[in-house]
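Reader: I would be grateful for a close look at one part of this model, namely the packing of its helices and the residues that take part in it. Please treat the matter as one connected account.

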Amino acid sequence: MTFLTNFFTLFISGGPVGMIIITLLFIALFFAAWKAPAWVKEIGIAALVVGVFWTLLGFLQAADFLHDTAEDISPNIIWGGVKVGLIPVLYGLIVYFVSLILRLFSKPRI
């Protein structure tokens with residue numbers, strides 16, 4: 001698989017709505033670094049919060065599914081769900097890290 005195909009698969013697996021919101025914050029991060037550097041950290045924190053929220057929402061949906069299913073469920077299915085659930089928080093952390101790097105370079109030099 002190519003990098004782009006793998007990225008698209010992770011993007012869709014992480015939940016398109018949450019991942020689109022984080023991507024929009026990622027784009028806004030670069031505009032803020034250019035026009036309003038004081039907002040860079042806040043946009044990065046917002047991306048992290050959206051990632052955590054989207055992950056918790058996915059875990060809540062998974063717990064609801066597991067609660068409704070009374071039969072035995074394979075650990076592979078559960079760990080696959082955990083893997084997919086962690087995608088948005090990882091993406092939010094990446095955006096937050098980029099915001100810290102941008103903020104580091106936008107600070108005045110001594």
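Author: A helix is here a DSSP run of type H or I with at least four residues, and helices are numbered from the N terminus. The model is a predicted one. In these terms, Ser99 lies in helix α5, which spans residues 87-106, and Ser99 offers a convenient point of entry.

Ser99 has a relative accessibility of 0% and therefore counts as buried, the cut-off for that class being under 20%. Leaving aside residues up to four places away in sequence, Ser99 touches Leu29, Val40 and Gly44. Val40 and Gly44 belong to the α3 side of the contact between α3 and α5, while Leu29 is one of the α2 residues that meet α3. The surroundings of Ser99 thus lead to two helix pairs, taken in turn below.

The first pair is α3 with α5. Helix α3 covers residues 40-68, and its axis comes within 7 Å of that of α5, with a crossing angle of roughly 170°. The two helices are therefore roughly antiparallel, since angles over 145 degrees fall in that class. On the side of α3, the contact is formed by Val40, Lys41, Gly44, Ile45, Ala47, Leu48, Gly51, Val52, Trp54 and Thr55; α5 supplies Pro88, Val89, Gly92, Leu93, Val95, Tyr96, Ser99, Leu102 and Arg103. Divided by class, these residues are 12 nonpolar, five polar and two charged.

Two further residues of this contact may be examined individually. Tyr96, in helix α5, touches Lys41, Gly44, Ile45 and Leu48 when residues up to four places away in sequence are not counted. Gly44 is thus a neighbour of Tyr96 and also of Ser99. Tyr96 and Leu25 stand 71 residues apart in sequence, yet their C-alpha atoms are 9.9 Å apart in space. Leu25 is itself among the α2 residues that meet α3. From the other partner, Thr55 is placed in helix α3. With a relative accessibility of 6%, Thr55 counts as buried. Apart from residues up to four places away in sequence, its contacts are Gly85, Leu86, Pro88 and Val89; Pro88 and Val89 are on the α5 side of the interface.

The second pair is α2 with α3. Helix α2 consists of residues 16-35; its axis and that of α3 come within 9 Å and cross at roughly 175°. This angle makes α2 roughly antiparallel to α3. The contact brings Val17, Gly18, Ile21, Ile22, Leu25, Ala28, Leu29, Ala32 and Ala33 of α2 against Val40, Ile43, Gly44, Ala46, Ala47, Val50, Gly51 and Trp54 of α3. It comprises 14 nonpolar and three polar residues, with no charged ones. Helix α3 takes part in both contacts, and Val40, Gly44, Ala47, Gly51 and Trp54 appear in each of them.

Helix α2 also packs on α1, with a separation of 7 Å between the axes and an angle of about 115°. The two are therefore roughly perpendicular. Leu10, Phe11 and Ile12 of α1 meet Pro16, Met19, Ile20 and Thr23 of α2, a set of six nonpolar residues and one polar, without any charged residue.

Within α1, Phe11 has a relative accessibility of 14% and so counts as buried. Not counting residues up to four places away in sequence, Phe11 touches Pro16, Met19, Ile20 and Thr23, and also Tyr91. The C-alpha atoms of Phe11 and Thr23 are 9.8 Å apart, with their positions 12 residues apart in sequence numbering. Phe8, likewise placed in helix α1, has a relative accessibility of 52% and therefore counts as exposed. Its C-alpha atom lies 27 Å from that of Trp34, although the two residues are 26 places apart in sequence.

Phe11 leads finally to the largest pocket, which holds about 250 Å³ of space. Its lining consists of Phe3, Asn6, Phe7, Leu10, Phe11, Met19, Lys83, Leu86, Ile87, Leu90, Tyr91 and Ile94. Helices α1 and α5 are the elements that each contribute two or more of these residues, and α1 has the largest share, with five. In composition, the lining has 10 nonpolar residues, one polar and one charged. Met19 and Tyr91, both in this lining, are also contacts of Phe11.

Key: Residues are numbered from 1 along each chain as its sequence is written. This is a predicted model: local features need pLDDT of at least 70, side-chain atom pairs count only at pLDDT 80 or more; totals for chains, interfaces and linings use all residues. Side-chain values use heavy atoms; hydrogens and water are left out. On a 1 Å grid over the protein atoms alone, a cavity is a set of points where a 1.4 Å probe fits but cannot get out, and a pocket is an open set with protein on both sides within 12 Å along at least five of seven lines; lining residues have an atom within 4 Å of a point. Grid points are joined across faces, edges and corners, and a volume is the space filled by probe spheres set on the points. Ala, Val, Leu, Ile, Met, Phe, Trp, Tyr, Cys and Pro count as nonpolar, Asp, Glu, Lys and Arg as charged, and the others, Gly among them, as polar. Axes are lines fitted to C-alpha atoms, for helices over the stretch in contact, and angles run from 0 to 180 degrees between N-to-C directions. Angles under 35 degrees count as roughly parallel, over 145 as roughly antiparallel, 65 to 115 as roughly perpendicular and the rest as oblique. Contact means heavy atoms within 4.5 Å. Buried means under 20% relative accessible area, exposed over 50%, partly exposed in between (1.4 Å probe, protein chains only).
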